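Notebook open, model loaded. Today I'm looking for enclosed space and for whatever surrounds it.

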Amino acid sequence: RGPGGRGRDNRAGGSRAFRGAGGYGAGRGLSLGSLVLGGALGAGVGAGLAIWYLEQRKSAAPVVDVVARRDGNASAADPLDHPALKHGMPVGSVLRPFTNFVSFFDTRTRNPQWVIERISEETSRGDGDRKFSQFKEDDKIPDKFRNKLDDFRGSGYDRGHLAPASAHKLSQATMDETFTLSNISPQVGDGFNRDYWARFESYVKSLSKDHDEVHVVTGPLFLPQPKLARGLGAGERETASEWEMRYDLLGRAPELTAVPTHFFKIVLTTRAKAGGRKEHSIGSFVMPNAYIPPDSPLTRFIVPLDSLERAVGTTFFPKLVRSGGNEGYDFDRAALKWQKNGEREMKMLESSKDDDGAGVVVRDDYSEERKSKGIARVRNMAHLCDSAGCKLPEPGFWKKKGGSSSNYGRRRN
């Protein structure tokens with residue numbers, strides 16, 4: 001579709017997708033005293049694991065974080081007044097607030113980098129009806145930087161909500177906001193967006209019944225995989241890198257929308273207790289943007305929050321869960337426990353015979369790595385699965401509620 005020809009796409013209707021750098025294929029773990037995070041893929045997409053080698057560094061916030069000058073001079077001039085910025089700070093990604101959610105839109109990948117939402121029983125009930133909503137481009141983002149409706153047409157990918165429409169029924173206006181493309185990423189439809197991911201969204205929304213509020217952060221991931229062995233072409237040279245990226249790109253070059261290899265979701269619940277005390281629970285999950293066997297346990301996709309922050313390069317809920325200079329969180333030990341339970345359960349299922357990965361894996365050296373550094377204790381914070389359980393509704397749950405799968409068909413391109 002764009003100048004220079006079309007990339008291959010093995011999905012139906014995907015002739016408009018360009019092949020770029022990013023994430024499917026056979027994988028292997030690294031044991032370098034670091035964390036390894038991988039997402040299992042269904043047999044229909046590719047074999048093995050997509051693996052991310054997490055660097056030994058602290059995460060950096062995506063918004064501009066002005067760092068103190070090296071000389072430590074507290075009276076130094078505002079760094080934004082630096083003479084190199086005389087003609088202005090370079091402008092790119094956009095923070096887009098809506099009624100019940102905020103999107104931080106990455107103008108390079110033309111995906112939200114993350115979307116954070118607050119949901120409650122109130123926001124999930126109301127007059128909003130998705131049959132009256134239409135997908136629309138975000139005119140608050142410059143035309144040359146935004147994702148376009150045309151990017152999705154004929155691509156073979158769904159327009160996947162990050163803040164789901166079903167959680168924002170308070171009014172037609174709040175539901176319509178979720179159809180803005182700054183809340184949308186390309187997602188595999190059958191077996192993911194219209195199946196497993198939809199069940200996951202329903203599970204998260206159901207948490208609002210037993211909690212005062214639920215905050216959710218959802219975003220795309222672009223995870224590398226081990227480099228494929230191949231001969232060197234003319235002019236190419238051998239490098240020491242073991243990793244490469246492969247993912248589809250949609251649209252017309254150079255204004256291309258990247259197709260994430262994975263998606264993450266962080267769920268934070270809050271419940272008021274006696275004496276004004278608040279009780280929280282948190283869980284973080286990573287899933288491949290691919291077919292997921294419907295009987296896969298949700299615990300299979302649990303990852304420690306600290307690991308996810310390293311992969312995304314972002315600290316989440318910093319006023320609540322970040323603590324001093326310590327690395328790691330005590331509730332992440334529970335995450336590893338639940339993850340292992342999910343792995344064991346998956347091995348017992350029939351569908352695991354056709355699945356080449358063991359889910360989302362974080363190596364056991366997680367706690368060993370931080371023994372000398374300490375684990376940050378977060379008061380009144382439990383893991384979500386310990387507090388609320390981690391079990392999805394049955395496949396096709398909307399039919400049992402008298403709904404129609406056509407609602408999920410509206411997710412298509």
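Entry 1. This is a predicted model, and I began with Val-216. I looked up its contacts beyond four places in sequence: Val-216 touches Val-115, Ile-116, Glu-117, Ile-119, Val-204, Lys-265, Ile-266 and Val-267. Val-216 itself sits in strand 9, residues 213-221.

Entry 2. Buried or exposed, I asked of Val-216? Its relative accessible area is 1%, so I put Val-216 down as buried, the cut-off being under 20%. I also checked one of its partners by distance: Ile-266 is 50 residues away from Val-216 in sequence, yet their C-alpha atoms are 5.6 Å apart.

Entry 3. Next I went for the voids. Searching the whole structure for cavities of 30 Å³ or more, I got three. I picked the second largest cavity, which holds about 50 Å³ of space. Val-216 is in its lining, along with Glu-117, Ile-119, Pro-164, Ala-167, Glu-201, Val-204, Lys-205 and Lys-265. Strand 6 (111-119) and helix 4 are the elements that give two or more residues to this lining.

Entry 4. What is the chemical make-up of the lining of the second largest cavity? I noted five nonpolar residues, four charged and no polar ones.

Entry 5. Which element gives the most to that lining? Helix 4 does, with three residues. I then looked at helix 4 (residues 196-206) as a whole and found it mostly covered, with nine of its eleven residues buried. Among those buried residues are Glu-201 and Val-204, two names I had already written down for the cavity lining.

How values were computed
Residues are numbered from 1 along each chain as its sequence is written. This is a predicted model: local features need pLDDT of at least 70, side-chain atom pairs count only at pLDDT 80 or more; totals for chains, interfaces and linings use all residues. Side-chain values use heavy atoms; hydrogens and water are left out. Buried means under 20% relative accessible area, exposed over 50%, partly exposed in between (1.4 Å probe, protein chains only). Helices (H or I, at least four residues) and strands (E, at least two) are DSSP runs, numbered from the N terminus. On a 1 Å grid over the protein atoms alone, a cavity is a set of points where a 1.4 Å probe fits but cannot get out, and a pocket is an open set with protein on both sides within 12 Å along at least five of seven lines; lining residues have an atom within 4 Å of a point. Grid points are joined across faces, edges and corners, and a volume is the space filled by probe spheres set on the points. Ala, Val, Leu, Ile, Met, Phe, Trp, Tyr, Cys and Pro count as nonpolar, Asp, Glu, Lys and Arg as charged, and the others, Gly among them, as polar. Contact means heavy atoms within 4.5 Å.
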